[in-house]
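Me: I am new to this structure. Please take me through one part of it closely, and keep the sentences short.

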Amino acid sequence: MAIQKRPNGTYGVSVYDPALGRKRWAGTARTERDAKRLEAAALADERDRGRTPTLAEWCARWVDECPRPKASSDATNRERARHIARQPFARQHLDRIRPADVAAWAQANVSAHAAARAMFNDAIRLGLTQARNPFAELRVRRGTGRKHITPPDEAKIAELAGLAPYPGLRALVLTAAWTGLRPGELFALRPADVDLAAREVRVERQYVTKTASETTVKNGRPRTAVILEPAVQALVDVLADDGRLVFSTPRGARFTQGNLHYWWSPVRAGAGLPGLDFYMLRHFHGSYLLNTLRLPAQDVAAQLGHTDGGRLVMELYGHPSAVLARDRIRRAQAGLGSTGAGVRVVSGASGPHEAEGDRGRRAV
């Protein structure tokens with residue numbers, strides 16, 4: 001029963017809350033009449049609130065009702081929705097959440113904030129709420145990602161490969177560094193995809209650890225990447241095994257993010273880089289193509305599988321070297337020849353510092 005008389009003569013009132021899946025306490029009344037009024041008010045409030053789900057309720061439904069094209073995206077969204085549902089503001093109904101309620105959390109949870117914003121937009125699109133999206137009105141400071149991380153150099157790449165405990169891992173390290181393939185693309189690579197005579201590899205699929213499945217590459221556009229020379233011999237060694245996949249663990253299992261971490265951790269620690277993410281080998285490749293080989297950003301983008309014409313290469317993978325930049329400036333000047341003979345650069349007023357014949361004209 002929703003109304004229960006207590007030994008002291010008062011009446012306790014509770015009503016069923018579908019959001020909790022159980023009864024919730026509504027209050028205490030002195031008389032039975034007041035208890036019925038309290039029950040009616042609580043039930044009316046529950047009906048009113050039931051028209052708009054709480055954020056936690058919507059978290060539980062969101063991925064199923066608004067699936068994304070890729071199963072890996074759904075897996076990521078489901079994980080982030082569970083995280084959001086545990087926050088205090090998730091107990092509020094969608095039309096009662098305000099930017100001030102979520103601002104501090106959003107600044108500390110940038111990736112989850114993006115999911116929350118998309119989740120709320122879907123709720124608006126489906127007509128679950130007419131409120132403005134509180135997550136869209138925040139100015140969340142984005143991280144710089146790998147933009148300011150200096151990748152290892154060629155010598156360190158060779159050292160990392162030399163520390164690999166078996167040929168298959170050595171080949172994986174060198175292929176990652178000298179083709180720029182993503183880890184998931186390497187996990188799904190088959191011998192038929194590799195053409196050593198042409199020094200090319202066809203990239204058509206990736207393995208997604210979260211869903212334990214193969215999918216098309218990240219942007220859905222297969223590509224052909226060039227294999228640079230340091231990776232060629234290592235690939236010859238592993239392709240001679242004629243396995244189902246190019247890269248595998250010593251027991252023949254497919255690489256995943258989990259077992260790669262197991263094998264990669266002692267290698268990077270041995271090289272004195274215990275925090276080096278395996279993905280940084282791809283970062284090295286982009287930097288090497290842009291800075292050392294001095295290729296156009298759009299060519300680097302094509303090798304890496306970007307579709308933005310080189311913008312991301314310049315922002316994240318380029319890391320233009322200050323030393324190389326100065327070298328290019330000097331060589332450009334040398335190519336033009338000296339144009340300032342007889343002119344001395346001065347910072348003060350005109351006077352005896354100027355070269356003969358140049359009085360009245362200052363070079364600054």
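Reply: Here is a close look at two neighbouring helices, after a few words on the whole chain.

This is a predicted model, where local features need pLDDT of at least 70, side-chain atom pairs count only at pLDDT 80 or more, and totals for chains, interfaces and linings use all residues. Residues are numbered from 1 along each chain as its sequence is written, and side-chain values use heavy atoms, with hydrogens and water left out.

The protein chain holds 14 helices and 8 strands. Helices (H or I, at least four residues) and strands (E, at least two) are DSSP runs, numbered from the N terminus. The chain has 364 residues, and 41% of them count as buried. Buried means under 20% relative accessible area, exposed means over 50%, and partly exposed lies in between (1.4 Å probe, protein chains only). Contact means heavy atoms within 4.5 Å. Of the contacts in the chain with a separation of 6 or more, 58% link residues 24 or more positions apart.

Start with helix α6. The helix α6 spans residues 154-162. Its buried residues are Ile 157, Leu 160 and Ala 161. Seen down the axis of α6, these buried residues fall within an arc of 100 degrees, so they line one face of the helix. The arc is that of the directions from the helix axis to the C-beta atoms. A general rule helps here: an α-helix has 3.6 residues a turn, so residues three or four places apart point the same way.

Now turn to the other side of α6. The face turned away from the buried side carries Ala 155 and Gly 162, which are exposed.

What covers the buried residues of α6? The cover includes α7 (167-179), α10 (257-270) and α11 (280-292).

Take α7 from that list. Helix α7 has 13 residues. From its first C-alpha to its last, α7 reaches 18 Å, close to the 18 Å expected at 1.5 Å a residue. The expected span is 1.5 Å times one less than the number of residues.

Is α7 mostly covered or mostly open? Helix α7 is mostly covered, with 11 of its 13 residues buried. Among them are Gly 168, Leu 169, Ala 171 and Leu 172. Trp 178 and Thr 179 are buried too.

What follows α7? Gly 180 comes after the helix, and its phi is positive, near 80 degrees.
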